[in-house]
Amino acid sequence: MSRVLYLSSKYIPDAKGNIHVDLVDTFLQHGHEVTVITPVERKYHQPTSVEQQGAFTLIRARSLNFLGAVSLLEKGVATLLFGYWYRHIIRKYLRGHDNFDLVTCATLPITYAPVMDYFHRRYHSFVYLLHKDFFPQNAVDLGILKKGSPIYRVFRSIEKGLYRRSDSIGVISPKNVEFLLENNPFIRKEQAEVCPNGTEPVPWETIAAMKQQREQIRAKYEIPLDRAVFVNGGTISRAQNIEFILEVVRRAKECPRAYFLFVGRGQAFARLQQAAAGSAVDNVKILSYLPKADYDTLLAACDAGMVFLDGRFTVANIPSKTLSHMNMAQPIVSATDTYTDYRELLEKNEIGLWSSADDVSAFLANVNKLAGSPELCARFGENARRCLEKEFTAEVTYRTSIRHI
């Protein structure tokens, strides 16, 4: 079987349900030998470590800080050095064992070029770019970078170099392929393909057992039993359209049969807590970040998912949290930009309701529609689970990438 190197900026061992972990597990289940390299930020005070278990090797490489409350300078330097740092780690810890058939680079970051060059030059390895985040364009959309500025031109040049060094580029939706080819005419049509986010479906028996704890879990978190719970989990930031979410919280009383639950963290999370505290509504709860096992149990006690995206995006996004709701057979109510094909995903497969990211009233109307119809929720939820099993499993992601070698 093939030897595979998987490079990621955020790989959490044993985190079942994580798209990177489930994909690596699928490679291993098919008999491949897999090495994963992922950073461990210096703020955790841990040295570089190498763990090996059978055909799986995990290298956690000590790095600069780049996530969370980090200075822009350190984050920028860490991002620019990623490719060189990974190349150094490979030379130091994999010397004599670095002949890989497939090298998979999962963005972000977009600075893998030194590693790509290393494997192309030494072994003619097939380099597969698992591309999930179009930086710097998404930063331009959100007003973080100005198009044409010196820093934009630097990262745009790096981005082009990334594409030129990739033997194949897997993106998460047809719109991403369209964007990639239109804005980078040097990319060959056959070089770009859809390689969706995928996860390992949770067995139905496990889901049923989790749902049996519904009453106890709701009591634990003081969530009422007589309302349909709409949950949004994960980081909350500008990308999730924080101003829109704040308005939803302020107007939550317009959905008396619904209960809005937000679980997570992020730069805008404090603003969300303040909005909930000052809105005088009884159907909103804000919970800080929970360990994944606890969050999954809580998720099973909810009725539907909420997905938000900033309306300014000109690059398609398919948030990975969608998979969690599909796994639990839950419908989704969303408010996104009009460019992304997320709307098509929901409506074509009849798994949820969509509204524009500038129309809070339409979003609340959709919430009311689902909250008032358990039958519609159940039908959408069943469709969501079937769609996951057919199109969004780690097996689908694996077969898309492995076919090249």
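**Strand pairing, helix packing and burial in a predicted model**

User: What makes strand 13 and strand 14 count as a pair?

Analyst: Strand 13 (residues 332-336) and strand 14 are joined by five bridges in the parallel sense. Pairing requires at least two bridges, and five bridges satisfy that condition. One of the correspondences places Ala-335 opposite its bridge partner Ser-355 in strand 14. The model is a predicted one.

User: Why are strand 11 and strand 14 described as standing at the edges of the sheet?

Analyst: The open sheet consists of six strands in the order 11-10-9-12-13-14, with parallel pairing. Strand 11 (284-288) and strand 14 (352-356) each have a single partner strand, so one side of each lacks a neighbour in the sheet. From one strand to the next, the twist averages 20 degrees.

User: How do you know that helix 10 and helix 11 pack on this sheet, and at what angles to its strands?

Analyst: Helix 10 (residues 269-278) touches strand 10 (258-265) and strand 11, and its direction makes about 150 degrees with that of strand 11. Helix 11 (residues 292-300) touches strand 9 (228-235), strand 10 and strand 11, with a direction at about 155 degrees to that of strand 9. A contact requires heavy atoms within 4.5 Å.

User: Which residues of helix 11 are buried, and what do they pack against?

Analyst: Tyr-295, Asp-296, Leu-298, Leu-299 and Ala-300 are the buried residues of helix 11. Their packing partners are helix 7 (204-211), helix 8 (214-220), strand 9, strand 10, strand 11 and helix 12 (321-327).

User: Why is the packing of helix 2 and helix 3 called oblique?

Analyst: Helix 2 (residues 72-93) and helix 3 (residues 113-123) pack at an angle of about 45 degrees, and their axes are 7 Å apart. Roughly parallel requires an angle under 35 degrees, and roughly perpendicular spans 65 to 115 degrees. The angle of about 45 degrees falls in neither class, and the two helices are therefore oblique to each other. Helix 2 contributes Gly-83, Tyr-84, Tyr-86, Arg-87, Ile-90 and Arg-91 to the contact, while helix 3 contributes Pro-114, Val-115, Tyr-118, Phe-119 and Arg-121. These contact residues divide into seven nonpolar, one polar and three charged.

User: What makes Ile-37 a buried residue, and which residues does Ile-37 touch?

Analyst: Ile-37 lies in strand 2 (residues 33-41). Buried means under 20% relative accessible area; at 0%, Ile-37 meets that criterion. Leaving aside residues up to four places away in sequence, Ile-37 touches Leu-5, Tyr-6, Leu-7, Ser-8, Ile-59, Tyr-86, Ile-89, Ile-90 and Leu-94.

User: How do you know that both faces of strand 7 are covered?

Analyst: In a regular strand the side chains alternate between the two faces of the sheet. In strand 7 (residues 168-171), Ser-168 and Gly-170 are on one side and Ile-169 and Val-171 on the other, and all of these are buried.

User: What joins strand 7 to strand 6 and to strand 8?

Analyst: Strand 6 (residues 126-130) and strand 7 run parallel and are joined by three bridges; Tyr-128 stands opposite Ser-168 in strand 7. Strand 7 and strand 8 (residues 192-194) likewise run parallel with three bridges, and Ile-169 stands opposite Ala-192 in strand 8. From strand 7 the chain passes through helix 6 (residues 174-183) to strand 8 in a right-handed β-α-β crossover.

User: Are His-45 and Asn-241 buried or exposed, and what are their phi angles?

Analyst: His-45, in the loop between strand 2 and strand 3 (49-53), has phi near 55 degrees, a positive value in a residue other than glycine. Exposed means over 50% relative accessible area, and His-45, with 67%, is exposed. Asn-241 is in the loop between strand 9 and helix 9 (242-250) and also has a positive phi, of about 65 degrees, although it is not a glycine. At 10% relative accessibility, under the 20% cut-off, Asn-241 counts as buried.

User: Where are cis peptide bonds found around Leu-108, and what are their omega values?

Analyst: One cis peptide bond joins Thr-107 and Leu-108, with omega about -10 degrees. Another joins Leu-108 and Pro-109, with omega about 5 degrees. Leu-108 is in the loop between strand 5 (102-106) and helix 3, and Pro-109 lies in the loop between strand 5 and helix 3.

Definitions and conventions:
Residues are numbered from 1 along each chain as its sequence is written. This is a predicted model: local features need pLDDT of at least 70, side-chain atom pairs count only at pLDDT 80 or more; totals for chains, interfaces and linings use all residues. Side-chain values use heavy atoms; hydrogens and water are left out. Axes are lines fitted to C-alpha atoms, for helices over the stretch in contact, and angles run from 0 to 180 degrees between N-to-C directions. Helices (H or I, at least four residues) and strands (E, at least two) are DSSP runs, numbered from the N terminus. Angles under 35 degrees count as roughly parallel, over 145 as roughly antiparallel, 65 to 115 as roughly perpendicular and the rest as oblique. Ala, Val, Leu, Ile, Met, Phe, Trp, Tyr, Cys and Pro count as nonpolar, Asp, Glu, Lys and Arg as charged, and the others, Gly among them, as polar. Buried means under 20% relative accessible area, exposed over 50%, partly exposed in between (1.4 Å probe, protein chains only). A crossover is right-handed if, with the strands pointing away from the viewer, the path from the first strand over the helix to the second runs clockwise.
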